[in-house]
Structures are given as structure tokens and as C-alpha cells.
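Me: Hi! I've got a model open and would like to talk through it with you. Could you take a look?

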4 protein chains.
Amino acid sequence: MAKMNKVRMGMVGGGEGAFIGAVHRHALALDGQIELVCGAFSRDEGNNQRTADALGLEQNRAYPSWEALLKAEQTLPESERMQVLIIVTPNHLHVPISIAAVEAGFHVFCEKPAAISLEEASRLKTTLENSSALYGLAHTYLGYPMVWQAQHMVSSGALGGIRKVYVEYPQGWLSANEENHNKQASWRTDPAQSGGSGCMGDIGTHAFGLVEFVLGQQVTSLCADLQTHVEGRRLDDDGAALIRTDGGASGVLIASQVCAGEENALKIRVYGDKGGIEWQQMEPNSIVYRPIGEPYRVLRAGMGQPGLCQEASDRCRTPAGHPEGYLEAMANLYRYFAKAVKAADADDASYHANELGKAAGVPGIDSGIRGMAFIDAMLASSDSEVKWHDVPSTYR
Amino acid sequence: MAKMNKVRMGMVGGGEGAFIGAVHRHALALDGQIELVCGAFSRDEGNNQRTADALGLEQNRAYPSWEALLKAEQTLPESERMQVLIIVTPNHLHVPISIAAVEAGFHVFCEKPAAISLEEASRLKTTLENSSALYGLAHTYLGYPMVWQAQHMVSSGALGGIRKVYVEYPQGWLSANEENHNKQASWRTDPAQSGGSGCMGDIGTHAFGLVEFVLGQQVTSLCADLQTHVEGRRLDDDGAALIRTDGGASGVLIASQVCAGEENALKIRVYGDKGGIEWQQMEPNSIVYRPIGEPYRVLRAGMGQPGLCQEASDRCRTPAGHPEGYLEAMANLYRYFAKAVKAADADDASYHANELGKAAGVPGIDSGIRGMAFIDAMLASSDSEVKWHDVPSTYR
Amino acid sequence: MAKMNKVRMGMVGGGEGAFIGAVHRHALALDGQIELVCGAFSRDEGNNQRTADALGLEQNRAYPSWEALLKAEQTLPESERMQVLIIVTPNHLHVPISIAAVEAGFHVFCEKPAAISLEEASRLKTTLENSSALYGLAHTYLGYPMVWQAQHMVSSGALGGIRKVYVEYPQGWLSANEENHNKQASWRTDPAQSGGSGCMGDIGTHAFGLVEFVLGQQVTSLCADLQTHVEGRRLDDDGAALIRTDGGASGVLIASQVCAGEENALKIRVYGDKGGIEWQQMEPNSIVYRPIGEPYRVLRAGMGQPGLCQEASDRCRTPAGHPEGYLEAMANLYRYFAKAVKAADADDASYHANELGKAAGVPGIDSGIRGMAFIDAMLASSDSEVKWHDVPSTYR
Amino acid sequence: MAKMNKVRMGMVGGGEGAFIGAVHRHALALDGQIELVCGAFSRDEGNNQRTADALGLEQNRAYPSWEALLKAEQTLPESERMQVLIIVTPNHLHVPISIAAVEAGFHVFCEKPAAISLEEASRLKTTLENSSALYGLAHTYLGYPMVWQAQHMVSSGALGGIRKVYVEYPQGWLSANEENHNKQASWRTDPAQSGGSGCMGDIGTHAFGLVEFVLGQQVTSLCADLQTHVEGRRLDDDGAALIRTDGGASGVLIASQVCAGEENALKIRVYGDKGGIEWQQMEPNSIVYRPIGEPYRVLRAGMGQPGLCQEASDRCRTPAGHPEGYLEAMANLYRYFAKAVKAADADDASYHANELGKAAGVPGIDSGIRGMAFIDAMLASSDSEVKWHDVPSTYR
């Protein structure tokens with residue numbers, strides 16, 4: 001029997017040896033508000049069962065395939081059955097499974113990217129619009145408290161009119177070729193599984209999503225130079241672009257997986273006419289804030305810390321100086337998604353007052369569509385001799 | 001019905017508004033191996049019930065008192081009943097509840113300090129020696145991967161013979177008086193609830209435990225200067241000591257809660273005749289390693305990171321550059337404690353080959369006793385005109 | 001009487017209130033090998049005389065104009081007269097004065113940029129080729145020991161084949177308009193005095209020069225977006241470019257003077273297939289070195305520090321941990337320039353074996369020409385709809 | 001002929017291979033206000049002459065001994081002769097030479113420590129009181145702008161009542177024995193040349209002087225543990241002390257030369273009831289300021305930087321972001337000493353209004369006496385079984 005009050009989730013993908021599945025499981029568990037009740041973790045029967053056992057699932061809820069999972073869970077009593085399907089498969093399955101799950105009456109929480117093409121993402125959006133399902137996208141970095149603080153400092157006008165944004169995401173783990181790596185590398189650099197882009201799809205979209213979230217502006221045009229540095233690799237492993245936004249800001253986006261020795265150094269800097277800010281994922285609990293004409297300050301995450309906006313404070317679990325990190329950031333997405341699911345499934349009036357299909361505090365399908373538009377624009381721009389390439393602004 | 005394979009725990013203390021109870025619940029949940037099945041969270045009935053409801057506990061397992069909890073849980077079928085009692089009450093209740101729980105047949109995982117006096121801690125040790133219960137002490141900082149790495153670098157001889165150790169733990173939250181603070185401050189500075197020491201008991205023991213763990217040596221003598229800076233406060237809020245160890249090292253221990261503006265800046269530095277290391281809790285994923293005659297290096301936490309020992313690697317959940325923090329450190333204590341409980345309750349032979357009453361990878365009652373001996377020595381030394389004060393070395 | 005053994009220098013510009021003149025005087029004095037013997041510091045007679053007095057110059061060697069200075073110094077006995085003219089005027093005078101000084105038989109050390117156009121710089125080069133004068137250009141950042149170390153790590157192959165270079169130079173001091181600023185700002189944003197570019201000429205050239213120096217490669221093409229953010233300003237105050245080099249590297253160059261709150265944050269990162277490095281001007285005594293598959297290291301400046309190349313060691317005056325900075329970096333340029341002047345004026349055979357007109361260890365006219373080519377390419381690219389713009393590679 | 005307006009100095013010690021002599025020469029030259037006119041650099045005639053030649057001294061002003069120097073310079077015309085004698089010999093000669101120089105009518109600027117015993121320092125003080133000579137002591141760290149800023153923040157009450165001070169000065173260069181080192185190490189660890197203490201005299205005095213300067217308080221009692229870690233070494237190479245001041249503050253002083261891998265990591269932290277500050281010599285251009293209840297701030301050195309006091313601003317030569325360092329700090333001592341010498345030798349009335357024998361902005365003999373008292377107290381305390389040892393407070 002499932003625990004009272006907990007939101008029941010199932011998972012597709014994430015068997016033994018898959019990095020991101022375990023991350024999702026840590027994250028959903030952290031607040032004790034979600035229970036993983038079923039899964040189709042691997043096509044490999046042994047792996048699937050071992051994963052289910054290790055997780056303490058009920059015997060008959062480790063399914064051999066996502067199709068079987070959807071079919072069986074639909075038949076369970078409402079108080080038992082899965083409410084949300086978590087999708088942590090390779091990219092090319094994200095949309096097919098998402099659509100099937102939504103059509104089967106489930107909410108979906110999907111690892112990014114939402115899709116492998118803009119067309120596919122748009123199709124999913126249409127499906128969502130015709131359903132009452134909630135859809136969450138694991139843009140994990142948007143779960144960090146200080147990313148919300150950054151967004152607040154822009155939207156509240158503390159920085160004045162925004163002039164510049166620099167975002168960079170250097171990694172080094174693909175500096176050598178895939179043969180030296182694990183399965184993480186191989187599917188990510190396989191066009192059939194990961195879509196038309198390697199690095200831009202994998203991490204460029206994070207950088208792009210961070211820019212649009214923090215600025216509350218859309219990138220309207222860009223000029224990109226994508227490259228593939230390792231012999232035999234079929235997708236981009238590196239790139240950069242000049243960017244311009246509909247709010248009059250301009251800047252640079254860098255994403256690379258061949259920056260030898262770099263770990264996961266996502267960083268954003270925003271400058272307005274009154275001040276600037278800087279946030280780095282690898283030290284996520286600080287924002288450097290530089291108001292013009294004053295000594296610079298460091299805003300710090302933590303319960304009850306001075307200077308934090310509500311959205312940032314609400315995303316902290318510990319007092320100042322007790323570092324929170326990546327798992328807590330993803331757990332924040334799960335927390336807000338679970339809250340929305342509870343309200344939706346309880347047919348809560350306040351929930352219906354909100355935007356349908358959108359869990360407050362969690363990136364949704366529109367973020368996914370923006371990501372696809374970004375990848376398309378980067379690929380097209382990189383191949384073009386024309387300087388500026390438009391990023392369609394019709395979405396959102 | 002409890003989930004298969006999960007270790008079942010109950011909690012005393014930790015109702016609404018209590019910081020550390022929530023931290024324990026996040027930590028125990030993180031790996032999905034533990035289920036919180038019951039609790040006596042607050043003497044306040046409403047608080048108690050609301051806490052239980054928010055946690056999704058079964059109706060009848062929110063008990064009005066720890067006594068009721070122990071009595072009722074004993075009567076449940078073995079497959080249902082709590083295996084481990086988590087104690088997160090004010091300090092003066094730690095030993096009475098621990099002893100009662102052990103005598104009722106439960107394992108105990110206790111927030112630190114283990115006791116409010118050395119005598120009390122010794123009594124608990126005797127109780128444990130006469131039982132088959134496991135006892136874990138939440139010296140959270142000993143759950144950090146890089147603290148294990150530090151210990152490894154000392155024990156493996158990488159630093160050579162150890163000469164110096166500097167540990168410091170500055171906080172600033174008690175810079176003003178209690179009236180300006182929440183209930184955290186008030187019980188911690190009340191001798192009746194927290195024991196004979198304020199700052200030394202609250203954070204000095206962490207600093208001390210870190211020194212002895214990393215060095216694998218015992219502090220044999222110290223010379224302390226404790227102070228109380230805020231008018232009306234009844235316990236020390238600050239202090240420092242010169243220390244010497246049985247391994248020939250010497251150094252300084254600083255712990256203060258009136259370092260205005262400091263968050264939770266626990267830091268340790270160790271220097272041997274071949275090199276030195278430095279670790280800071282607020283950036284817990286790095287160790288600065290300075291081998292003599294070479295550029296200094298920074299060892300970084302993360303799955304598969306170069307240069308890490310097994311104990312450090314095993315305590316990482318994410319790859320390089322995805323920061324883990326305080327909750328993950330405590331979750332590591334829970335992970336190893338749950339593993340030991342599973343083995344013990346399964347009457348696992350390999351478990352019995354281990355030290356009884358000791359969960360590998362988790363501080364136990366001996367750490368608690370060391371902490372009490374440290375507090376006693378600090379208090380006595382601070383009151384004395386004699387320079388060096390012995391810390392008894394009979395334990396462990 | 002001038003001191004024996006010291007190289008005698010004169011200065012044009014640098015009267016009271018001029019920042020860079022004082023910097024040059026500190027730098028030339030630091031090693032005690034150079035004596036400032038004359039100057040034409042300001043067109044304002046009072047300023048000129050007060051500056052000369054404050055510097056302890058002989059009465060009759062404060063000249064009313066650079067023309068007067070050149071004329072008078074030529075007539076002095078060889079053992080007395082100025083050997084080197086330092087030019088720290090606004091940019092548009094750099095070449096006219098340089099040519100006149102060279103034609104009058106003096107060596108020249110010039111604040112950057114060398115010129116205000118490529119044509120002008122080329123004319124100066126021709127003049128230099130027809131003389132025996134030495135010409136030094138104050139690309140101060142190339143005086144830092146760790147910049148030479150960076151160059152060494154690239155040229156020695158420690159990083160493997162170079163893939164990526166990111167250089168950035170954010171400043172914030174032009175975030176508000178000139179009326180709020182001093183004379184520094186006003187002439188730098190006046191096309192007549194500073195040339196066709198503001199930010200790119202002022203600091204972009206530093207970033208560009210750093211890239212070409214460290215990589216030992218030339219930038220062959222770029223794609224730029226220059227902007228002017230402050231109303232009424234006539235020159236660019238901000239920009240960025242995608243860049244590609246003749247060695248197969250690519251990357252990004254950022255230079256901006258409207259990054260509110262930033263001080264002088266020049267930074268370069270270089271990644272090859274074996275490792276990466278990072279250097280920042282504001283903490284100039286460290287290089288972060290990330291070899292693939294090993295913990296990262298920090299190489300530190302200082303006499304006798306492990307891991308430094310000869311060129312880096314030779315540029316340190318103090319042991320490890322005694323920070324050196326910007327003045328010491330410029331003093332290094334003066335030290336090497338003075339050494340070359342001594343050899344040249346002594347008709348030293350070993351000097352003649354070197355490249356004529358080039359002081360070893362000091363940027364010369366070719367660096368100046370590269371800078372002009374860079375500015376031209378940035379301006380042209382920013383105005384163009386075509387993506388890639390060539391930077392001519394004929395020089396050097 | 002000496003330059004007009006420049007203060008004429010001579011130097012004892014500092015021949016080829018001596019570190020600190022070269023540092024002094026860089027520092028005195030930096031501002032162009034001082035001319036080195038004579039010296040007795042080495043007892044070795046060749047070394048002495050080569051040093052003089054490299055410095056461009058007049059032929060006959062390289063003297064074979066300090067006695068010869070004093071005798072000869074006295075006979076020169078007032079406009080030519082040395083005004084200040086700089087002493088950079090081993091410690092045991094500091095006082096004999098200082099007294100002789102003062103008695104011969106010269107001002108003295110002396111490398112620290114002032115003396116090798118409190119008695120010797122007191123004798124020098126008496127000599128100074130009976131003369132009109134100025135005496136400056138090279139406590140170089142008191143030349144840093146941000147040390148003055150720290151002092152200002154304490155004295156202005158920004159931190160409130162001072163509770164805690166932690167000062168630490170870890171170095172690692174004496175981790176191995178002297179045979180592996182240069183002459184720097186050998187005389188510093190020879191009691192006959194360096195006095196009764198090694199580490200405390202060499203660097204402990206810096207830490208101590210920094211505490212008293214920043215706090216504007218005197219240390220009244222301490223409890224020390226000194227050690228010698230390297231076999232065969234005759235003086236302490238390491239130590240720490242608990243300290244208390246006459247202003248009610250308490251804290252810890254650490255100084256060690258066996259902290260393997262550390263460079264020159266002098267650091268001070270001060271906490272009052274309103275906030276705290278932190279300054280580190282290896283990043284000397286920043287002060288971290290933590291006001292209670294607000295995000296922490298970083299004050300930055302530089303001309304015109306916000307938030308700096310006059311004393312700090314006046315000691316900066318460059319704008320924000322152009323790092324200044326150790327040589328600039330010492331140059332600040334020389335700048336203020338030269339200014340006082342000019343006034344004194346011009347019989348300036350405003351100078352006489354000041355404290356005789358004391359150059360404003362430069363540590364004098366009282367600092368030297370405090371240093372000796374500190375060393376005596378540390379040695380006595382370390383040998384004693386009594387906890388607290390008084391530091392005499394009669395001086396100053």
C-alpha cells in the first residue's frame with residue numbers, strides 16, 4: 001500500500017549504470033513527499049528486476065517496458081496507481097513516451113531535452129494542450145535558490161536596464177574519444193539517440209534556458225560557431241554564439257565538452273546600468289552582486305539569510321553555511337511538481353486558476369520548445385555564411 | 001505496510017519548527033533505503049499530529065511521547081515495527097531515551113552530543129555493551145567524502161609525520177542575545193537542556209571529533225580559554241585551545257558562536273613533514289593538497305574523480321562538478337548505518353565479524369565519549385591556572 | 001650629472017592628474033636601472049614645471065613641448081642626453097611623436113595603442129626599419145611572469161594541440177556617461193584623440209594581444225558585435241567576437257567597459273587535448289593548470305617556485321607568497337627594454353645578433369600593427385552582415 | 001651630484017644574494033622620491049663593489065664597513081651626504097648600527113626585528129630620545145592600504161566592541177632542515193645572529209604587530225606553546241598562543257614555518273559585536289566585511305574605490321583591479337618615512353609639532369619594543385607551567 005499523502009511516481013529508464021536515473025531518485029526522495037511505486041528501468045530483465053528490488057518496489061510493479069507500465073498502471077485503483085511518469089531514457093524516446101503517458105492520463109516529468117526536434121516538441125505541446133496533464137522538464141539548474149534570486153534581481157530592477165549577459169558551460173569530459181568513455185558518452189554522441197546536436201542539446205540548452213529564465217527575455221537572434229574536435233565524433237562537442245535578446249541585451253553563450261579539465265562549470269553573469277551579478281553552478285550558494293559605486297556584496301543561500309527573495313528562501317532547506325547542491329536543486333523541481341500534482345489531482349480550485357499544464361516553479365513544455373528552437377538556430381547559424389540567425393519568438 | 005527492503009526508523013523530537021529533525025528526515029530519505037514509520041515529534045499534540053500527517057505516516061504511529069512510542073512499537077510484528085530510533089531532542093534527553101530504546105531492543109541513531117556528561121555517556125556505553133544494538137552518532141561532518149579523503153591522506157603517509165593541526169569552527173549566529181533569536185538559541189544556551197557547555201558542546205565537539213578522525217590520533221592535553229560574550233548568557237559562546245596529540249602533533253582548536261557574520265565555517269588544516277592539506281565545510285567538495293616542492297593541487301569530490309580513495313568515492317552520488325553538501329554528508333551516515341542495521345537484523349555473519357555495536361563508517365558511542373571528555377577538559381582547563389590539562393585517553 | 005650605468009629616459013605626457021604617466025614612472029623606477037632625466041609632461045606650463053619639480057628633474061630639462069624636448073636633448077653630450085623617449089599622450093599623438101623621436105635618434109617606449117590606424121602603425125614600422133632605434137609597446141599584461149608561464153605551457157606542448165581559447169576583459173567604469181567621469185573617460189571616448197574605436201582600442205587590444213602571445217598563433221578571422229550602450233557616447237564601449245586562429249584554435253573574445261561593478265578583470269583560458277590553463281590579471285600570481293585525468297594544480301609565481309619556466313622565474317622579484325602586481329609587470333617591460341637599450345647603445349655584438357628594432361621580452365611595433373589590424377577587423381565585422389571577417393596575417 | 005628634492009639614503013647589508021636588501025631597494029625606488037647614494041653591502045669586497053656598480057653608485061661611496069660609511073658620510077657637504085641609513089644586516093647588528101648611526105647624526109630605517117632583546121631595544125629607544133633622529137621599522141605589512149582600512153574599521157566603531165582576534169602566519173619553507181636551504185635559513189636559525197627566537201622573531205612579530213596595530217589595543221597576556229620540529233634546529237620554528245588584550249578582546253596567534261606547502265599566508269580576522277573583517281596578505285587588496293544581518297561585502301583597494309578611508313586611499317597608486325603587492329606596501333613605509341625626513345631636515349615647524357622621533361605612518365621604536373616584549377613573553381610562557389603570562393604594557 002502506498003503511503004498516504006505522497007505523490008506516486010513511476011520511472012522509465014534509469015536502470016543500473018545509468019547516471020541520471022539515480023539522480024532523479026535521490027531528488028524525488030529528498031523531501032519525503034514522493035513515493036516511487038513502479039518502473040520500467042531497463043529492457044534487460046535482470047537489470048530491471050535488480051533495480052526494482054534495490055528500490056524496494058512491490059514485486060509486480062517492475063514492468064518489462066514502458067508500454068507495459070502504462071497499460072498496467074491504468075488499471076490500478078486510483079489510490080494506488082502512479083500519478084506521474086518520470087522519463088530518463090535516451091533523448092529520442094522522450095516525446096513518444098511523454099505523449100503516450102499523457103494520453104494514458106498520467107502527468108509527466110521528463111529529463112531534458114524535451115524532444116529531439118522542434119517539430120516533435122510542438123507535437124507534444126499540442127497533446128498537452130488537449131489534456132489536463134502536467135508536464136515538468138528537468139532543467140535542474142532552475143531549481144537552485146540563487147538562480148531564482150538572480151531572476152528576482154533582474155525582474156525587480158535592482159540591476160537597472162539589462163545590457164549584457166554572458167553564459168558559459170565548459171565541461172571537459174569529452175576531450176578524449178568515446179572509446180575511452182562509458183555509455184554516457186556514447187549515446188550522447190549518437191545522432192539517432194540524442195538528436196541533431198551533441199553539446200548544444202546536452203548542455204547548451206541548459207545555458208540557453210538559464211539566460212532566458214534569469215533575464216525574463218527571449219533570445220531573438222544569434223550567430224554561432226559549432227565544432228567537433230574529436231576525430232570520428234558525429235555531433236558537435238563544442239560551440240559558442242553571440243546572442244541578442246528581445247529586451248535589448250546582448251552577450252555571449254559558450255558551451256563546450258572539450259574544455260580539458262573542466263568539471264561542470266556553468267556560470268552566468270548579467271550586467272545592467274545599475275549593477276551586475278554573477279552565479280556559478282559549482283559554488284551555487286552565492287551570488288556576487290556588484291552595485292555601481294559600492295563595495296561588491298555576496299548574497300548567500302540559506303534559510304533566513306538577509307537579502308533573499310521569497311522564491312530563493314523557499315528553496316533552501318538548511319541555514320547559512322550548510323551547503324546545498326545539485327540534488328537539492330533537482331529536488332526543488334520535484335517538490336514544486338509534486339505540489340502541483342497534488343492540487344491538480346485533488347481538483348483544487350486554486351490550481352485551476354493557474355496556467356493549465358504548468359506546474360508553478362517548474363520548467364514546462366514551453367521551455368522544452370525554446371530549447372529545441374535554440375538547437376535548431378545554433379545548427380543553422382553554424383552552417384551559414386550569414387551573420388545573424390533568428391530564433392523564432394512565437395512560443396511562450 | 002512498510003516497503004520491502006527498507007530499514008524502518010522512528011523519530012523522537014523534530015516537530016514543526018525544529019531545524020535538525022527536518023535535516024535528519026531529508027538525509028534518511030535521500031537514498032531511498034530507509035522509511036520513517038513512526039514518531040513522537042512533539043509534546044504538543046497538534047504539532048505532533050501535523051508533523052506526522054505532513055510526513056504521510058500511518059494514523060496510529062504518531063505517538064504522544066517517546067515512552068509510548070517504545071512501548072507500542074515493541075508490540076508490532078517484526079516486519080512492521082521500527083528498527084531504529086532517531087533521537088533529535090534537546091541534549092539532556094539523549095541518554096535517557098537512548099538507554100530506554102536499546103533496552104527495548106531498538107538500534108539508536110542520535111543527534112550529537114551523545115550525552116550531557118562523561119558519566120552519562122559511559123553509562124550508555126555500558127548499556128550498549130550489554131546489548132546487540134547498534135548506536136550511531138550524527139557527527140555529520142564525518143559523512144563528507146573529502147573528510148574521508150583527508151583521513152586517508154594522513155593514514156596512508158602521504159603527508160609524512162604529522163606536525164601541526166589547526167581546526168576552527170567560527171559561527172556568528174549567537175553574536176546577539178537570545179531574545180533576538182529563535183528557540184534554537186534558547187535551549188542551546190540553557191544548561192539544564194544542553195549540558196555544562198554551550199559552544200564547546202554544540203560545535204567544539206565537531207571540531208574536536210574532526211581532528212581525532214582525520215589524524216587517527218587522540219588529543220592528550222589541551223589548554224583552553226572559554227568565554228561568554230553576551231550579557232546574561234549562562235554558557236560559553238566562544239573559546240579556543242592549544243592542543244597536543246598522542247601522535248606527537250600539536251595545534252590549535254577554535255570554536256566560537258560570536259564571530260559576527262560567519263556562517264558555519266568549519267575548517268581543518270593538517271601539516272606533516274611531506275605536505276599539508278586543507279578542507280573547509282562550506283566548500284566541502286575540495287581538498288587543497290600541498291606536497292612539498294610541487295605546485296599545490298586540488299582534489300575534488302565526485303564519482304570517478306582522480307586521486308580519491310575508495311572511502312571518499314563511495315560517498316559521492318554525482319560526477320565531478322555537481323556539488324553535494326551537508327544533507328548528502330548526513331545521508332552518508334544514514335546509508336552506512338542502514339546497511340549495518342540490515343546486516344545485524346538479518347543476523348549476517350559478516351556483520352558479527354565486525355565490532356559489536358559499531359556500524360562501519362558511522363561514529364558510535366566511543367566518539368560520543370571522546371566528545372564528553374573533550375568538553376570536560378575544556379571546562380576544567382578554562383577554569384584552571386595550570387597550563388596543560390589532560391584529556392583522558394582510556395576510551396576507544 | 002646622471003647616474004652611471006642607468007638608462008636615461010624622458011617622458012612626453014604624464015603631467016599631474018594623468019593616471020598612466022605616474023604608472024610608467026613607478027614602473028621604470030622599480031629596479032633602479034633607469035633614470036628619468038627630462039620631460040614635456042603638459043602643455044600647461046605650471047603643471048609641467050610642478051611635475052618636473054616633484055620628480056626632482058634638473059631645472060632646464062622640463063620642456064614646454066615634445067618638439068622642444070627632442071630638439072634640446074639632441075644637443076646634449078652623449079653621456080647626458082636622453083636615450084629613450086616614453087610616450088604617454090592621448091593616442092592620436094603616439095605615432096607622430098614616435099616617428100619624430102626615432103628620426104631624432106632616440107629609442108621609443110610607447111603606451112598602447114601604437115597608433116590610431118593600421119596605416120599609421122605601418123608608417124611607423126617603416127620608419128623603424130630605416131633606423132637603429134628600439135621600439136617598445138606597453139602591453140603591460142605581457143610583463144606578468146605567469147603570462148610567460150602560460151605561453152610556455154602552450155609552446156612546450158604541455159596542453160597538447162590547442163582547441164579553445166576564451167579571453168575576456170570586463171570593466172565597469174564606463175557604465176555611466178562621461179560627465180560623471182574624469183578626463184580619463186573623456187579623451188578615451190573622443191574619436192579625434194583615441195582613434196576609431198573606444199573599448200576595442202583601449203582594452204580589446206590587450207585581450208587580443210594576450211591571445212596571440214600565449215598561443216603563439218595569429219587570429220585569422222573573427223565575427224564581431226560591437227555596441228555603444230551609453231547615450232551620447234561616440235565610440236564602442238562594449239563588444240564580443242567569435243575568433244579562429246591559424247593554429248586551428250577557436251574561441252571567444254569579450255571586451256566591455258559597461259560591465260557594471262567589474263574592475264579590471266582580464267582573464268584567459270586555453271584548452272588543448274591534454275589539459276587546460278586559466279590566468280586572471282586580478283590574481284596574477286597563479287595559473288590554474290588542469291591536466292586531463294589528474295587533480296588540478298595551481299602554479300604560483302615567485303623566485304624559485306616549482307614548475308616555473310625560466311622566463312617566468314626571471315620576472316619575479318620576491319619569493320612565494322609576497323604578491324607582485326601590475327606595477328611589477330610594467331617594470332618587467334622596462335627592465336627588458338632598458339637591457340636592450342644598454343646593449344644597443346654600447347654597440348653590443350650580441351644585441352646585433354638579435355632582431356633589429358626588437359627588444360627581447362618586450363612587445364614591439366609588430367604587436368602594435370596586430371592591434372590595429374584587430375581593431376579594423378572588429379569595426380568592419382561589426383558593421384557587416386557577412387559572418388566571418390579576415391584579420392590580415394601578413395604581419396610579424 | 002645627487003638629485004634635487006630626493007631624500008638620500010645609504011644601506012648596510014643587502015649585497016648580492018641577500019633577499020631583503022633587494023626588496024628594500026625596489027621599495028625605496030618605486031616613488032622616485034629617494035636616492036640610494038652609498039652603501040656597505042657586504043664584508044666581501046668583491047660583492048660590495050659589484051653591488052655598488054650594479055646600483056650605479058658613485059665610485060667612492062661603496063664603503064668596506066658600516067663604520068667606514070658613517071665616518072665618511074659625516075664629512076660630506078650637507079647637500080650631498082646620506083640622510084638615512086637603511087639597515088638590512090642579520091638581526092644582532094641592528095641595534096649596534098642603529099645607535100652608531102643615530103649618534104653620527106643620521107636617521108635610521110631598519111629591517112625588523114628592531115633588536116635581539118628587549119634590553120637592547122630599550123637602549124636604542126633611549127638613544128633616540130636623546131637625539132633628533134627619526135627611526136623607522138620595516139613592519140612591511142603595515143604599509144598595505146587595506147591594513148589601514150582594517151584599523152580604520154575598528155577605530156571608527158564599524159565593528160562595535162571588539163571581541164575576538166585571530167591572526168595566523170603559516171609558512172612552509174623551513175619544513176626541511178637548513179642543509180637543504182640557502183643562507184636565508186641558516187642565519188635565521190642561528191641564535192647568535194637572530195636572537196633568542198626563530199619563528200617568533202622572524203614572523204611571529206609581524207603577526208603580533210598586526211594585531212596591535214589593527215586593534216589599537218595592546219596584548220596584555222598570552223599562553224604560548226613553541227616548538228622546534230626539525231632535528232638539529234636550535235630555535236623555535238613553530239608556535240601558537242592564546243592571547244588577551246587590554247581592550248577586552250581575546251583570540252589566537254599562530255606563527256609557523258613548518259606548515260608544509262604554505263607560502264606566506266599572514267591573515268587576520270577581527271570580530272566585534274556589530275560585524276567582522278578578514279584580511280589576507282596573499283590577496284592584500286581585499287577586505288571581507290561581514291556586518292551582522294546583511295550580505296557580506298568585499299572592500300577593494302584602489303584609487304577612488306568606494307568605502308575606503310583616507311589612509312587606505314592614500315596608499316594606493318593604481319585604480320581598482322590593478323593589483324598592488326608587497327613591494328608597494330614597503331614602498332609606502334619608505335614614502336612616509338621620506339616625507340618625515342624631508343620635514344625634519346628642513347626644520348619644518350609642522351614636523352616639530354609631531355611626536356619627535358616618529359615618522360607618521362611608519363612603525364617606530366615603540367613597535368620594535370613591543371615586538372621584543374612579545375618574543376620574551378612567548379619564550380617565557382612556552383617554558384612555563386603557569387597558564388597566563390603577562391606582556392608588559394608600560395611601553396608606547
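Me: Cysteines to start with: how many disulfides are there over all chains?

Reply: The count is zero over all chains, taking a disulfide as a pair of cysteine sulfur atoms within 2.5 Å. Before we go on, this is a predicted model, where local features need pLDDT of at least 70, side-chain atom pairs count only at pLDDT 80 or more, and totals for chains, interfaces and linings use all residues. Residues are numbered from 1 along each chain as its sequence is written, chains are lettered from A and ligands numbered from 1 in the order in which they are written, and side-chain values use heavy atoms, with hydrogens and water left out.

Me: Thanks! What is the nearest cysteine sulfur to C223(B)?

Reply: That of C223(D), 3.3 Å away, and C223(B) is in no disulfide. C223(B) is also buried, with a relative accessible area of 0%; buried means under 20% relative accessible area, exposed over 50% and partly exposed in between, using a 1.4 Å probe and protein chains only.

Me: And why is there no bond for C316(D)?

Reply: Because its closest cysteine sulfur, in C309(D), is 9.4 Å from the sulfur of C316(D), which is too far. C316(D) counts as buried too, at 9% relative accessibility.

Me: Let's move to the interface. How much area do chain D and chain B bury between them?

Reply: About 3,300 Å², with 51% of it on carbon and sulfur atoms. Buried area here is the accessible area (1.4 Å probe) that two parts lose on being put together, summed over both. On the chain D side, R163(D), A260(D) and K387(D) lose the most area to chain B, together 19% of what that side buries.

Me: How many residues does the contact take from each chain?

Reply: 42 residues from chain D and 42 residues from chain B, where contact means heavy atoms within 4.5 Å.

Me: Nice. How many salt bridges are there between chain D and chain B?

Reply: Eight, a salt bridge being a side-chain nitrogen of Lys or Arg within 4 Å of a carboxyl oxygen of Asp or Glu. One of them pairs D238(D) with K164(B), their closest N and O atoms being 2.8 Å apart.

Me: What about E168(D), which side chain does it meet?

Reply: That of R269(B), at 2.7 Å from N to O. The pair joins two chains, because E168(D) lies in strand β6 of chain D and R269(B) in strand β10 (residues 267–272) of chain B. Strands (E, at least two residues) and helices (H or I, at least four) are DSSP runs numbered from the N terminus. Is that pair buried or exposed, you might ask? E168(D) is buried at 6% relative accessibility, and R269(B) is buried at 4%.

Me: Which residue does E262(D) form a salt bridge with?

Reply: R290(B), with the closest N and O atoms 3.2 Å apart. E262(D) sits in the loop between β9 and β10 of chain D and R290(B) in strand β12 (residues 283–291) of chain B, so this pair joins two chains.

Me: Now the whole structure: how many salt bridges over all chains?

Reply: A search finds 85. Among them is E212(D) with R370(D), at 2.6 Å from N to O. E212(D) lies in helix α9 (residues 199–215) and R370(D) in helix α13, both of chain D, so the pair ties together parts 158 residues apart in sequence. Both residues are buried.
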